[in-house]
Structures are given as C-alpha cells and as structure tokens.
Amino acid sequence: VLSLGADVLPEYKLQTPRINKFTILHYSPFKAVWDWLILLLVIYTAIFTPYSAAFLLNDSEERKRRECGYSCSPLNVVDLIVDIMFIIDILINFRTTYVNQNEEVVSDPAKIAIHYFKGWFLIDMVAAIPFDLLIFGSGSEETTTLIGLLKTARLLRLVRVARKLDRYSEYGAAVLMLLMCIFALIAHWLACIWYAIGNVERPYLAHKIGWLDSLGEQLGKHYNKSDASSGPSIKDKYVTALYFTFSSLTSVGFGNVSPNTNSEKIFSICVMLIGSLMYASIFGNVSAIIQRLYSGTARYHMQMLRVKEFIRFHQIPNPLRQRLEEYFQHAWTYTNGIDMNMVLKGFPECLQADICLHLNQNLLQHCKAFHGASKGCLRALAMKFKTTHAPPGDTLVHCGDVLTALYFVSRGSIEILKSDIVVAILGK
C-alpha cells in the first residue's frame with residue numbers, strides 16, 4: 001500500500017543486495033514515505049499553481065505582498081519549500097535503485113544516472129525550476145505574468161503520478177473517489193483559464209459585455225478604470241468561475257453566468273466537449289464499480305436461485321427442502337461461496353501441501369492422533385483433508401451407513417443418539 005514505485009517482487013527481498021553506502025533501495029520504507037510526501041506536494045502544486053497564475057498575479061494587494069519579500073507572504077515560503085523538495089527528489093532519484101529487464105536490482109550509480117537521464121529527468125528538472133526567485137528579480141508586469149505561467153510547468157509531475165495509479169484500478173471505491181477528484185481538479189483548472197480569458201480581454205472591450213463586467217453589475221461591485229482594486233473580490237470571481245465550469249462540464253448550464261465574447265464562447269465549446277467525454281467516462285464507470293461492489297451479493301442470490309430451482313424441479317418435500325436451504329446458507333456464511341478445492345487446483349502440489357498444512361494446523365497440532373508424526377507425513381495427510389459444514393440439527397451419519405471417511409470435529413459438537421437418547425457428546 002505504501003509503495004508508489006515499481007511493483008515489488010518477492011525475489012528482491014530474498015536477494016542480499018550489494019549496494020553502495022549512499023544508494024537507496026527503491027522498495028525501502030524511506031523511499032515509500034518520500035514518494036508519498038512528493039505526491040502530496042504534487043497535489044498541492046496541481047491545485048494552487050493554476051490558481052496563483054490566474055488569480056493572484058494580477059491582484060494589486062497580492063502584488064504588494066509579494067514585493068515585500070518572503071517575510072509577509074507565507075505562500076512564497078511554501079512555494080520555495082516545494083521547489084527545494086523537488087530538487088532534493090531529483091538528487092534522491094539519482095541514488096535510487098531500479099529493476100532492469102532481467103528482473104535484477106541495479107545499484108551501480110553510473111547505470112542509475114543513465115537510466116534516470118533517459119527517463120524522467122527532463123520532466124522533473126523543468127518541474128523543479130524555482131520561477132518564484134526570478135519573479136523577485138524582475139519588476140515588470142509582463143515578466144511577472146510570463147513567469148507565473150511558466151510555474152505551471154510543475155504540473156508535468158502529474159504525468160508520473162498518473163502512471164502509478166493503475167495499481168488501484170482493482171479497488172472499486174478508490175477508483176470512484178479518484179475519478180471524482182480528477183473531475184473536480186479539471187473543473188478547477190478550467191475555472192482558472194475562464195477567469196484568465198475574461199481578465200485579459202476586459203480592458204480592451206469597447207462595450208462591457210465580458211462575464212467579469214456582468215458579475216460586477218450583478219454584485220454591485222463595478223469596475224473603475226482609475227481604481228485598480230475595484231470590481232468583485234477574488235473569492236467572488238473564483239467561486240463564479242468554478243460554478244460556471246462545473247455547470248458546463250455536467251451539462252446543467254443555467255445561463256446565469258454566460259459567455260458573451262467570441263473568446264469566451266470558443267472556450268465554452270471546448271469545456272462542453274471535455275465535459276461530455278468526462279461525463280461519459282466517469283458516470284459510465286460508476287455502474288461497473290457499483291456492480292463490482294455488490295458482486296458477492298449477486299453471486300449468493302444466483303446460487304440460491306439455482307438451489308430453489310433444483311428443489312422445485314425435483315419436487316423435494318419440506319423437511320428435506322428446509323435442510324438443503326439451511327445447509328447452503330450455513331456453508332455460505334463460512335466460505336462466502338469460495339470452493340477451496342477449486343482454488344487450490346490452480347497451484348502446484350508443493351504449494352497446495354503448504355496451504356493445506358496451514359489451513360489444518362489447529363487440528364494437526366492439538367489432536368493426539370497426529371502427535372509424533374513427521375512433517376512429511378503431516379503434509380501428505382493435510383492434502384487429503386476436506387472441510388465440510390453441517391448446520392445445527394443436521395444428521396451427519398445414520399445408523400447402518402457405509403463409512404467412507406474419518407471425521408474430525410474442528411468446530412462445534414456432535415451428539416451420538418441411540419433410540420432418540422443422547423449417549424455421548426463429542427467436542428473438538
């Protein structure tokens with residue numbers, strides 16, 4: 001669960017790795033924790049970088065805060081820490097082992113460096129460039145905006161994360177949660193672009209028809225050319241932009257926030273196209289995921305239906321019919337519909353013997369009949385055991401039956417009856 005790297009094969013851990021002093025094993029606990037830390041920073045970057053580039057760079061209050069340095073803007077400090085962590089991650093990747101095509105752990109520093117250079121080095125390097133330091137060295141608004149857009153290069157690290165998410169595809173609930181988070185993240189990105197389009201166009205429009213001017217009129221916070229801080233607040237603009245993208249992506253547009261200029265209309269068309277694809281992929285998967293979650297219950301009802309059909313077809317009388325249904329329900333609660341014999345058939349005999357030895361270890365350890373038996377004898381006996389379930393009140397052996405098996409009671413108790421009188425009670 002911890003490891004975000006390549007799939008860990010058991011053979012790696014059986015080998016005694018010969019590694020250099022400062023080389024890190026890719027399946028070590030430190031690397032697993034570090035990968036999770038970098039993942040959290042990537043998520044922070046994916047959310048905050050587009051928001052910062054679109055909303056905060058052009059805001060006058062935010063610009064004043066940035067100009068006074070790191071002391072009065074904690075966000076600048078966080079951004080710097082993220083950049084430093086990404087640079088440290090590059091250095092760690094230069095010293096982390098990897099698995100080659102022959103399923104061997106490579107720990108030679110030169111080979112690791114070549115492998116990393118050929119792989120993810122370029123993407124990691126671009127994502128780690130500290131553009132914030134360049135902002136403080138420049139004063140012009142155009143340069144600030146350009147560098148703010150360059151900061152979005154950090155989002156390249158999401159490519160690495162996306163590649164590692166395949167392993168969680170078998171967990172239905174996790175996939176559903178993941179799809180919803182991706183949907184929200186894309187809506188957030190599109191909201192930032194939607195605001196950026198309106199903000200860039202607004203000063204050049206002859207007639208104030210852009211969505212930002214419409215929002216200012218609705219809220220009574222009109223834009224004033226002489227006052228740069230006039231107009232709706234950042235909170236108002238972001239919430240409205242997010243509301244528009246969510247309503248467009250889910251095809252529920254109410255028209256109260258609408259595109260008016262050509263640029264806004266073209267962007268809205270793109271959002272609708274993206275929305276139709278995402279809506280189909282996410283909500284198309286939901287039915288499959290829910291089906292998978294309830295597959296066990298569906299299997300139970302199907303098996304129960306077969307038992308009832310069998311009873312009806314062969315006209316089995318009531319006491320016997322009740323015993324059949326009770327046995328099925330009782331056996332299902334213990335096995336959950338899994339036939340152990342069928343499962344074991346898929347494994348080699350040596351592994352089957354080990355599994356059977358584990359399954360029957362309580363019986364083999366505590367029953368006096370098996371005391372002093374060799375390991376080989378116990379393995380051979382364990383292969384012959386078959387587990388059966390009997391519901392309460394059921395008769396296991398009738399008087400006069402041919403005995404083809406030896407029974408061991410592993411759970412519960414059995415009464416020995418003679419002419420309806422209990423002669424003895426057998427336990428484990």
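**Salt bridges and nonpolar cores in the predicted model**

In this predicted model, residue E309 is partly exposed, with a relative accessible area of 41%. The side chain of E309 meets that of R312 in a salt bridge, with a distance of 3.0 Å from N to O, and R312 itself counts as exposed, since its relative accessibility is 58% and the cut-off for that class is over 50%. Both residues belong to helix α14, which covers residues 295–314, and they stand 3 residues apart, or about one turn of the helix. This spacing may be read against a general property of helices: an α-helix has 3.6 residues a turn, so residues three or four places apart point the same way.

The pair in α14 belongs to a set of 6 salt bridges found by a search of the whole structure. Another of these joins the side chains of D236 and K221, with 2.8 Å between N and O. D236 is part of helix α12 (residues 234–249), whereas K221 sits in the loop between α11 (211–219) and α12, so this salt bridge ties together parts that are 15 residues apart in sequence. K221 is partly exposed, its relative accessible area being 35%.

A further salt bridge is formed by the side chains of R323 and D394, again at 2.8 Å from N to O. Here the pair links distant parts of the chain, because R323 lies in helix α15 (residues 318–335) while D394 lies in the loop between α19 (375–384) and β3 (414–418), 71 residues away. Both partners count as partly exposed, R323 at 40% relative accessibility and D394 at 27%.

Attention now turns to the nonpolar interior. The largest nonpolar core contains 29 residues, and those with the most contacts inside it are Y51, F55, W194, Y195, W211, A241 and L249. Two or more residues are given to this core by each of the elements α2 (29–56), α10 (172–201), α11, α12 and α13 (262–293), and the largest share, 9 residues, comes from α10. Since domain 1 (17–170) and domain 2 (171–337) both contribute residues, the core lies between these two domains. When residues up to four places away in sequence are left aside, W194 touches W211, A241, F244, V257, P259, E264, F267 and S268. Apart from this core lies another, made of 17 residues, among them I38, I90, I92 and V161. Such groupings fit a general tendency, in that nonpolar side chains in soluble globular proteins tend to be buried together.

I90 and I92 also appear among the buried residues of helix α4, which further include N76, D79, V82, D83, M85, F86, D89 and N93. This helix runs over residues 74–93 and has 20 residues, and the distance of 29 Å from its first C-alpha to its last is close to the 28 Å expected at 1.5 Å a residue.

For the protein chain as a whole, the secondary structure comes to 19 helices and 4 strands, and 33% of the 428 residues count as buried. Among contacts with a separation of 6 or more, 64% are between residues 24 or more positions apart. The chain exposes about 27600 Å², of which carbon and sulfur atoms supply 63%.

How values were computed. Residues numbered from 1 in each chain as written. Predicted model: local features only at pLDDT ≥ 70, side-chain atom pairs only at ≥ 80, totals over all residues. Heavy atoms only, no water. Expected span 1.5 Å × (residues − 1). Buried < 20%, exposed > 50% of the residue type's maximum accessible area, 1.4 Å probe, protein only. Salt bridge = Lys/Arg side-chain N within 4 Å of Asp/Glu carboxyl O. Core = buried A, V, L, I, M, F, W, Y, C linked by side-chain atoms within 4.5 Å. Domains from an automatic or database assignment. Contact = heavy atoms within 4.5 Å. Areas by Shrake-Rupley, 256 points an atom, 1.4 Å probe, with all protein chains shown as cover.
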